[in-house]
Amino acid sequence: LILGETGTGKELIAAAIHNMSPRKERALITVNCAALPANLIESELFGREKGAFTGADARRVGRFEIAQGSTLCLDEIGELPLELQAKLLRVIQHGEFERLGSSQTTKVDVRIVATTNRDLEEEVRKGRFRQDLYYRLNVFPITVPPLRQRQEDIPLLAQAFIERYSRKLGKQITSVQKKTMKTLQDYPWPGNVRELESIIERAVILCPGPVLQLADKLDISSLPMSSAIRTLEEVERNQIRKILKETRWRIEGKGGAAAILGLNPSTLRARMHKLGILRPK
């Protein structure tokens with residue numbers, strides 16, 4: 001289960017997992033659960049028989065069968081309708097399903113990688129996501145950190161995007177001023193890597209010379225309200241990180257981070273997991 005905000009590159013992580021696995025010889029199959037209408041997702045995932053419903057004039061093989069022996073990436077799994085979650089749970093548990101309009105059971109061997117930008121624990125509490133499916137998916141969770149927590153990656157990413165779009169547009173952009181790079185690193189990037197890529201592409205399109213000039217004024221005060229709200233979580237994350245560093249990542253005992261923060265150690269560990277705080281290697 002790959003967790004992270006929109007634009008952090010969750011699909012790239014899924015592709016990397018597949019390409020490093022013994023299943024890499026077969027193609028990675030991806031389904032965007034948010035892009036398909038609810039009435040089409042079932043036939044897209046599990047296939048259908050001819051005449052299964054009005055307009056089904058031909059038999060269709062679903063993505064699970066196409067992904068036989070490979071990996072299936074269920075992108076934005078949090079958008080999957082409740083009625084389909086039970087069927088997905090059965091495939092994960094037993095490796096079998098029925099096509100729409102068929103009573104014949106089909107067996108499959110598929111590795112599932114799911115991604116979401118939603119807080120699935122909260123979705124479970126609100127009754128919008130099945131608890132049993134969440135536990136099945138949450139075997140090995142990976143949290144992709146937002147770009148504002150990866151400031152040291154911004155110069156590398158910016159350079160990669162500059163080179164990509166310079167080649168594409170036939171431009172010769174050879175340098176970035178320190179002031180420009182500092183502006184990029186100071187901005188909190190509510191749209192994460194996807195937003196950074198768009199900003200760089202636009203800058204390359206409009207740049208008249210060999211030194212990159214930003215076409216956008218990256219003003220923190222002009223961010224939408226949702227970004228301002230999210231900073232409350234950032235404040236909590238930063239405070240916990242600060243105390244953990246001061247205690248050399250000691251959580252329990254006198255002088256430990258939990259005691260300083262006035263939290264039970266198990267509560268602190270739960271908050272660290274939720275906020276994606278990991279001890280550096």
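The following paragraphs lead through the nonpolar cores, the salt bridges, a surface patch and several individual residues of this structure, which is a predicted model.

The interior offers a convenient point of entry. The largest nonpolar core comprises 28 residues, and those with the most contacts inside it are L45, F64, L72, L74, I77, L80 and F129. Helices and strands both supply this core: β2 (29-32), α2, β3 (71-75), α4, α5 (120-125) and α6 (131-137) each give two or more residues to it. The largest share, 4 residues, comes from α4. Among the residues with the most contacts inside the core, L80 may be followed in more detail. Leaving out residues up to four places away in sequence, L80 touches C33, I41, L45, Q85 and L88. Apart from this core lies another, of 21 residues, which includes A158, V193, I200 and L212.

Helix α4 deserves a closer look. This helix covers residues 82-94, and L84 is found in it. L84 has a relative accessibility of 4% and therefore counts as buried, the cut-off for that class being under 20%. Neighbours within four places in sequence aside, the contacts of L84 are I41, E42 and F46. One of these, E42, stands 42 residues from L84 along the chain, yet the C-alpha atoms of the two are separated by 6.9 Å.

E42 also takes part in a polar link to the helix that holds L84. K87 forms a salt bridge with E42, with the closest N and O atoms 3.0 Å apart. Because K87 lies in helix α4 and E42 in helix α2 (residues 38-46), the pair ties together parts that are 45 residues apart in sequence. E42 has a relative accessibility of 22%, so this residue counts as partly exposed.

The link between K87 and E42 is a salt bridge, and the model contains 23 salt bridges in total. Two further pairs join helices elsewhere in the chain. The first to consider is that of E197 and R164, whose side chains meet in a salt bridge with an N to O distance of 3.0 Å. This pair links distant parts of the chain, with E197 in helix α9 (residues 192-206) and R164 in helix α7 (residues 154-169), 33 residues apart. R164 is partly exposed, its relative accessible area being 42%.

The other pair is R271 and E236, whose side chains meet in a salt bridge at 2.8 Å, N to O. R271 lies in helix α12 (residues 265-275) and E236 in helix α10 (residues 225-246), so this bridge ties together parts that are 35 residues apart in sequence. R271 counts as partly exposed at 23% relative accessibility, and E236 is likewise partly exposed, with a relative accessible area of 28%. Salt bridges also form a network, in which E79, R118, E123 and R128 are linked.

Helix α9, already met through E197, also contains I205. I205 counts as partly exposed, at 45% relative accessibility. Together with L169 and L206, I205 forms a nonpolar patch on the surface, and the three have about 290 Å² of accessible area together.

Attention may now turn to the loops. R150 is placed in the loop between β7 (142-143) and α7. Although R150 is an arginine, it is buried, with a relative accessible area of 17%. Apart from neighbours within four places in sequence, R150 is in contact with T8, P145, L157 and V193. Of these contacts, V193 also belongs to the core of 21 residues.

Two other loop residues call for comment on their backbone geometry. Most residues other than glycine have a negative phi. E76, which is not a glycine, has a positive phi of about 55 degrees. This residue lies in the loop between β3 and α4, and E76 is buried, with a relative accessible area of 14%. W189 is not a glycine either, and its phi is positive at about 50 degrees. The position of W189 is in the loop between α8 (178-186) and α9. With a relative accessibility of 0%, W189 counts as buried.

Key: Residues are numbered from 1 along each chain as its sequence is written. This is a predicted model: local features need pLDDT of at least 70, side-chain atom pairs count only at pLDDT 80 or more; totals for chains, interfaces and linings use all residues. Side-chain values use heavy atoms; hydrogens and water are left out. Buried means under 20% relative accessible area, exposed over 50%, partly exposed in between (1.4 Å probe, protein chains only). Contact means heavy atoms within 4.5 Å. A salt bridge is a side-chain nitrogen of Lys or Arg within 4 Å of a carboxyl oxygen of Asp or Glu. Patches are made of residues with over 30% relative accessible area and no salt bridge: like charges are joined within 9 Å, nonpolar side chains (Val, Leu, Ile, Met, Phe, Trp, Tyr) within 5 Å. Accessible areas come from the Shrake-Rupley method with a 1.4 Å probe; for residues, only the protein chains shown count as cover. A nonpolar core is a set of buried Ala, Val, Leu, Ile, Met, Phe, Trp, Tyr and Cys residues joined through side-chain atoms within 4.5 Å.
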